[in-house]
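Work through these exercises with the model open beside you. Try each task before reading its solution.

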Number of protein chains: 2
Amino acid sequence: MKVVLLSGGSGKRLWPLSNDSRSKQFLKLLKSPDGRPESMVQRVWRQLASCGLGRSAYIATARSQVDVLHNQLGPDVPLIVEPSRRDTFPAIALSVLYLVSEAGVPSDETIAVLPVDPYVDDAFFERVQQLDFVLRDSGADLALIGVRPTHPSEKYGYIVPESAVSGRTYADVRRFTEKPSADEAERLIAEGALWNCGVFAFRAGFLLGELRARGLPAEYRAFRDAYDRLTAISFDYEVVEKVRRAVVMPYEGAWKDLGTWDALTEEMDGPVWGRGVIGPDSDGAHVVNELDIPVAVLGVPNVIVAAGPDGILVADRAASPRAKEVANEIRQRVMYEERRWGWYRVLDYAKLADGNEMLTRRVCLLEGRNLSYHVHRKRMETWTVLSGRGLVVLDDHQFSIQAGDVVRVHAGCRHSVKALSELEFIEVQSGSEVHEDDIERICMRWEDIPNRHSPA
Amino acid sequence: MKVVLLSGGSGKRLWPLSNDSRSKQFLKLLKSPDGRPESMVQRVWRQLASCGLGRSAYIATARSQVDVLHNQLGPDVPLIVEPSRRDTFPAIALSVLYLVSEAGVPSDETIAVLPVDPYVDDAFFERVQQLDFVLRDSGADLALIGVRPTHPSEKYGYIVPESAVSGRTYADVRRFTEKPSADEAERLIAEGALWNCGVFAFRAGFLLGELRARGLPAEYRAFRDAYDRLTAISFDYEVVEKVRRAVVMPYEGAWKDLGTWDALTEEMDGPVWGRGVIGPDSDGAHVVNELDIPVAVLGVPNVIVAAGPDGILVADRAASPRAKEVANEIRQRVMYEERRWGWYRVLDYAKLADGNEMLTRRVCLLEGRNLSYHVHRKRMETWTVLSGRGLVVLDDHQFSIQAGDVVRVHAGCRHSVKALSELEFIEVQSGSEVHEDDIERICMRWEDIPNRHSPA
């Protein structure tokens with residue numbers, strides 16, 4: 001069996017901590033068993049490994065998330081990168097074709113598809129493992145996991161089985177119902193309906209057949225080349241709801257969608273994350289603070305304060321799911337970003353009276369990583385090294401740097417830096433434009449930089 | 001007549017925007033008639049000038065406020081600097097002695113004493129001018145201004161006149177009453193009582209007599225030298241409440257103490273100062289934001305959000321006067337400071353794994369101003385010039401700098417910089433300690449720096 005995790009989302013519902021390049025699954029607001037901050041994707045990846053699925057798992061994602069996935073899960077995490085965003089049917093098809101055409105997975109192998117961010121017990125992944133058996137035992141086209149509802153939620157989709165599945169491993173699916181009213185949800189639950197948690201399995205060959213039936217290429221490279229022209233449509237809509245026969249297996253444990261501040265703060269280890277003080281008369285208040293400065297809450301019960309480099313949200317618990325609306329209204333440069341080589345944080349930006357711009361960043365390069373060898377046309381940079389040791393190349397000449405050193409990179413100068421140990425520096429950019437687009441990459445790999453060994 | 005403004009206060013009630021070096025009177029949250037941001041001290045100074053009292057006014061203050069007063073009111077503002085903090089009786093006595101002993105003010109001249117931050121109409125200062133007449137006309141020791149109460153406030157002190165003063169210029173004071181209950185306040189108002197706004201006038205000679213009666217020096221230098229040993233006591237307590245005869249003149253216009261967030265936000269030009277969005281269901285919410293990032297409020301009515309380099313306060317309007325309690329709990333380096341030469345803002349601070357510290361600041365030197373010539377023992381500094389032109393001296397050698405230049409100042413290097421035009425730079429400090437205390441000043445004035453004209 002292979003597992004495909006779907007990693008997408010712009011994460012605006014968790015503004016200001018999530019943004020276009022840092023979706024909700026990458027926020028390190030949870031705690032790992034050894035007490036370190038952990039993101040949702042790190043938690044799921046750890047859980048997959050601990051139940052023996054680690055080596056079978058792939059992540060399907062967009063180009064914009066490649067760096068942060070490498071940063072959080074390591075450089076070896078197997079990724080299937082979508083050429084563009086086309087919803088889940090094309091993404092899943094691309095993944096299956098990659099596994100069959102490129103990774104040599106046989107067409108009768110079971111493929112289990114999961115969202116990248118379910119907040120669940122480890123027992124959930126045991127259920128995922130059992131999908132292989134269920135699929136073969138039932139002979140169905142699709143095997144799903146349904147979560148046993150704890151309350152008549154109006155937010156979820158429901159899977160209605162042919163017969164109650166208590167005491168049985170699985171049952172046939174009778175129908176699907178999206179976001180019912182509370183009354184309707186109560187009737188569905190009485191009928192034995194389960195929450196659809198977006199987890200399903202099928203045999204690789206089943207999907208190849210589905211593609212052929214639609215006149216789509218059933219080979220990886222051809223499909224990838226056609227990708228940008230495909231219709232964006234969800235797998236649920238295009239396949240799950242139309243399938244000949246689907247079965248569902250119940251899961252009785254904890255399951256949560258931590259996609260909004262009210263849901264996420266409930267799973268936090270305490271009311272304050274980061275620097276913060278919650279004063280009297282503020283029952284139910286939560287502070288999530290990524291900034292270096294303290295947050296104080298006085299006399300505001302049930303408020304959620306989320307503060308990060310991109311902004312500050314002050315929302316009543318019930319209003320907090322509307323953070324997305326605010327995020328859409330506010331135009332803001334991304335102030336914190338994780339990249340394949342480490343992370344940076346914007347400390348200051350200003351447009352000066354003479355039209356020139358300046359930007360100050362704190363940059364951290366992880367041990368062994370390097371920036372691409374590149375050029376800026378419209379700005380100069382000054383690096384003041386704070387800690388660590390590294391190698392710098394300027395116009396093909398290499399030298400070493402350490403804490404206290406200052407490096408000046410003039411506009412038009414080819415440059416790169418590699419961290420020998422974790423390397424932090426303050427970078428001051430100044431010029432007619434200080435934008436990420438002003439970059440010409442010469443090569444990505446340190447080994448490919450020409451003549452980088454200067455004469456001693 | 002001379003006017004003495006008392007400028008004190010740690011301003012913790014307006015945390016996080018005010019702090020030990022930036023008291024509430026220095027926050028530029030009001031708007032001047034020409035639409036520019038204005039602080040309370042700038043407003044009062046402008047009002048004094050516009051009613052002809054500008055050239056008669058002095059500010060009594062502590063050393064810690066000298067820089068910010070020069071910054072906001074100009075280098076020529078006449079200051080009387082207290083050697084230490086000793087409450088208002090010693091401060092007023094010091095000021096009067098300075099005027100008599102050093103500025104040649106005759107002992108029968110009227111001295112009017114005002115807090116530095118009354119939020120009042122211009123008419124208030126016309127009343128201040130009339131104190132001179134009232135004092136001479138009545139022959140009383142003290143003439144006070146009493147504000148006509150608008151409601152039975154429990155927060156203020158009340159001045160009870162011998163007879164109602166409506167239609168008359170002034171009346172004798174019968175007694176003072178501090179912070180009455182609401183019922184008591186209603187009875188006082190029915191009696192014709194006025195709010196004590198801390199404004200009073202007396203003749204210089206009266207105070208000299210008071211000092212002699214207490215066995216205290218009645219000469220400026222002797223008094224100043226004894227200052228640190230004086231008892232800290234308020235002028236109200238030591239003089240006003242014990243005086244033979246005091247009269248009070250009513251003032252009917254607007255008067256407010258903008259010392260808490262709920263009072264201050266009511267005088268703001270709109271609900272949002274700085275970058276902010278107030279969403280639906282948030283009636284009565286106010287955002288005061290000094291940061292570069294946006295604040296969004298969702299579904300929290302009557303909340304006050306104050307965000308600045310020192311921290312973020314989220315308080316219900318009614319709870320906001322308790323900001324002081326929070327400020328006392330939080331230990332935080334001052335992140336923004338106005339100095340005689342300009343201002344700086346801390347962008348980043350970190351203590352590294354090897355024990356070294358680093359601090360990044362954005363620094364602005366006003367045109368013509370200079371830093372002292374000084375040395376740091378425990379840190380190096382790197383300056384990247386963002387805008388403007390200036391002169392730098394390093395170890396007695398002078399050179400000029402402009403946008404794009406980088407200056408390195410090693411530990412132990414004597415250095416200074418002067419702005420030829422407004423000069424901004426990013427300063428990265430790194431070393432075993434990056435604290436303001438690590439400074440040895442050689443001289444303050446640019447002219448006194450030795451050999452600063454290096455050979456061409």
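**Exercise 1. Determine how strand E17 of chain A pairs with strand E19 of chain B, and place the pair in its sheet.**

Step 1. Strand E17(A) covers residues 295-298 and strand E19(B) covers residues 311-316. Helices (H or I, at least four residues) and strands (E, at least two) are DSSP runs, numbered from the N terminus.

Step 2. The two strands run parallel and are joined by 4 bridges. Two strands count as paired if DSSP finds at least two bridges between them. Val297(A) has Val314(B) as its bridge partner.

Step 3. Now look at a sheet that also draws on both chains. Its order is E14(A)-E16(A)-E18(A)-E19(A)-E17(B)-E15(B), an open sheet of 6 strands with mixed pairing. E14(A) (272-273) and E15(B) (276-278) stand at the edges with a single partner strand each, so one side of each has no neighbour in the sheet.

Step 4. Check one pairing inside chain A. E16(A) (residues 286-289) and E18(A) (residues 303-308) run parallel, joined by 4 bridges. Val287(A) stands opposite Val305(A).

The model is predicted: local features need pLDDT of at least 70, side-chain atom pairs count only at pLDDT 80 or more, and totals for chains, interfaces and linings use all residues. Residues are numbered from 1 along each chain as its sequence is written, chains are lettered from A and ligands numbered from 1 in the order in which they are written, and side-chain values use heavy atoms, with hydrogens and water left out.

**Exercise 2. Describe the contact between chain A and chain B.**

Step 1. Count the residues. Chain A gives 55 and chain B gives 55. Contact here means heavy atoms within 4.5 Å.

Step 2. Take the area. The chains bury about 4,400 Å² between them, 65% of it on carbon and sulfur atoms. Buried area is the accessible area (1.4 Å probe) that two parts lose on being put together, summed over both. In chain A, Leu298(A), Ile312(A) and Val314(A) lose the most area to chain B, together 16% of what that side buries.

Step 3. Count the polar links. There are 4 salt bridges between the chains. A salt bridge is a side-chain nitrogen of Lys or Arg within 4 Å of a carboxyl oxygen of Asp or Glu.

Step 4. Sort the side of chain A that touches chain B. Strand E19(A) (residues 311-316) gives the most to this side, with 6 residues. The side divides into 34 nonpolar, 9 polar and 12 charged residues. Ala, Val, Leu, Ile, Met, Phe, Trp, Tyr, Cys and Pro count as nonpolar, Asp, Glu, Lys and Arg as charged, and the others, Gly among them, as polar.

**Exercise 3. Explain what the salt bridge of Asp348(A) and Arg362(B) joins.**

Step 1. The side chains meet at 2.9 Å, N to O.

Step 2. Asp348(A) lies in strand E21 of chain A and Arg362(B) in strand E22 of chain B, so the pair joins two chains.

Step 3. Asp348(A) is buried at 3% relative accessibility. Arg362(B) is buried too, at 12%. Buried means under 20% relative accessible area, exposed over 50%, partly exposed in between (1.4 Å probe, protein chains only).

Step 4. Swap the chain letters. Asp348(B) forms a salt bridge with Arg362(A), the closest N and O atoms being 2.9 Å apart.

**Exercise 4. Trace the strands around E21 of chain B.**

Step 1. E21(B) spans residues 342-351, and 7 of its 10 residues are buried.

Step 2. E20(B) (residues 336-339) joins E21(B) through 4 bridges, antiparallel. Glu338(B) has Trp343(B) as its bridge partner. The two strands form a hairpin with 2 residues between them.

Step 3. E21(B) also runs antiparallel to E22(B) (residues 357-365), with 9 bridges. Trp343(B) stands opposite Cys364(B). This hairpin has 5 residues between the strands, and Gly355(B) takes a positive phi near 90°.

**Exercise 5. Find what the salt bridge of Glu427(A) and Arg361(A) links.**

Step 1. The distance is 2.9 Å, N to O.

Step 2. Glu427(A) is in strand E29(A) (residues 423-431) and Arg361(A) in strand E22(A) (residues 357-365), 66 residues apart. Both residues are buried.

Step 3. Widen the view. A network of salt bridges links Asp67(A), Glu337(A), Arg339(A), Arg361(A), Glu427(A) and Glu436(A).
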